[in-house]
Amino acid sequence: MEQTMAVAAVLALLSGTLWWLRRRALPGVALPGKRGGRRLELLERLALAPQQVLYLVRYEDHALLLASSPAGCALIERVPLERTGNRAIGAREEGR
């Protein structure tokens with residue numbers, strides 16, 4: 001019984017540490033709904049083909065539509081942020 005409690009305590013400690021790292025110590029991990037003074041934020045991502053992707057990115061008070069392909073990246077359009085009506089996607093969805 002003591003061994004089971006010890007394993008459960010270690011797992012709880014590891015889970016708590018991972019949660020804390022994601023919330024505080026890893027600045028590259030975006031959390032949904034929190035800007036935290038960041039200047040760049042991914043609003044939306046659309047895969048057109050396996051290596052061609054459109055990104056809608058917030059930069060200060062503008063939204064940038066960017067195209068990415070093996071040949072490089074290109075700015076397609078820059079619009080005021082209020083015209084987009086979008087919110088940031090979660091960190092879980094960024095990897096798709």
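**Close-up views of a predicted model**

**View 1. A nonpolar patch lies on the surface.** In this predicted model, Val7, Val10, Leu11 and Leu14 make a nonpolar surface patch of about 380 Å². One of these residues, valine 7, is placed in helix 1, which covers residues 2-25.

**View 2. Four strands form an open sheet.** The strand order is 1-2-3-4, and the pairing is antiparallel. Strand 1 (40-49) and strand 4 (72-80) are the edge strands. Each of these two pairs on one side only. On average, neighbouring strands of the sheet are turned by 20° against each other, direction ignored. In general, strands of a sheet pair through backbone hydrogen bonds, either parallel or antiparallel.

**View 3. Strand 1 and strand 2 form a hairpin.** Two residues sit between strand 1 and strand 2 in this hairpin. The two strands run antiparallel and are joined by eight bridges. Look for alanine 47: valine 53, in strand 2, stands opposite.

**View 4. Leucine 48 is an exposed residue of the sheet's strand 1.** Leucine 48 belongs to strand 1. Its relative accessible area is 52%, so leucine 48 counts as exposed, the cut-off being over 50%. Leucine 48 also has contacts: leaving aside residues up to four places away in sequence, it touches Val53 and Leu54. Alanine 67 is 19 residues apart from leucine 48 along the chain. The C-alpha atoms of leucine 48 and alanine 67 are separated by 9.8 Å.

**View 5. Glutamate 60 has a positive phi.** Where is glutamate 60 placed? The residue is in the loop between strand 2 (52-59) and strand 3. Its phi is near 55°, a positive value in a residue other than glycine. Most residues other than glycine have a negative phi. Is glutamate 60 partly exposed or buried? Glutamate 60 is partly exposed, because its relative accessible area is 41%, and partly exposed runs between the 20% and 50% cut-offs.

**View 6. Strand 3 pairs with strand 4.** Strand 3 spans residues 62-69 and runs antiparallel to strand 4. How many bridges join strand 3 to strand 4? There are eight. One pair to pick out is leucine 66 with its bridge partner in strand 4, leucine 75. Strand 4, residues 72-80, is an edge strand of the sheet.

Notes: Residues are numbered from 1 along each chain as its sequence is written. This is a predicted model: local features need pLDDT of at least 70, side-chain atom pairs count only at pLDDT 80 or more; totals for chains, interfaces and linings use all residues. Side-chain values use heavy atoms; hydrogens and water are left out. Two strands pair if DSSP finds at least two bridges between them. Axes are lines fitted to C-alpha atoms, for helices over the stretch in contact, and angles run from 0 to 180 degrees between N-to-C directions. Buried means under 20% relative accessible area, exposed over 50%, partly exposed in between (1.4 Å probe, protein chains only). Patches are made of residues with over 30% relative accessible area and no salt bridge: like charges are joined within 9 Å, nonpolar side chains (Val, Leu, Ile, Met, Phe, Trp, Tyr) within 5 Å. Accessible areas come from the Shrake-Rupley method with a 1.4 Å probe; for residues, only the protein chains shown count as cover. A salt bridge is a side-chain nitrogen of Lys or Arg within 4 Å of a carboxyl oxygen of Asp or Glu. Contact means heavy atoms within 4.5 Å.
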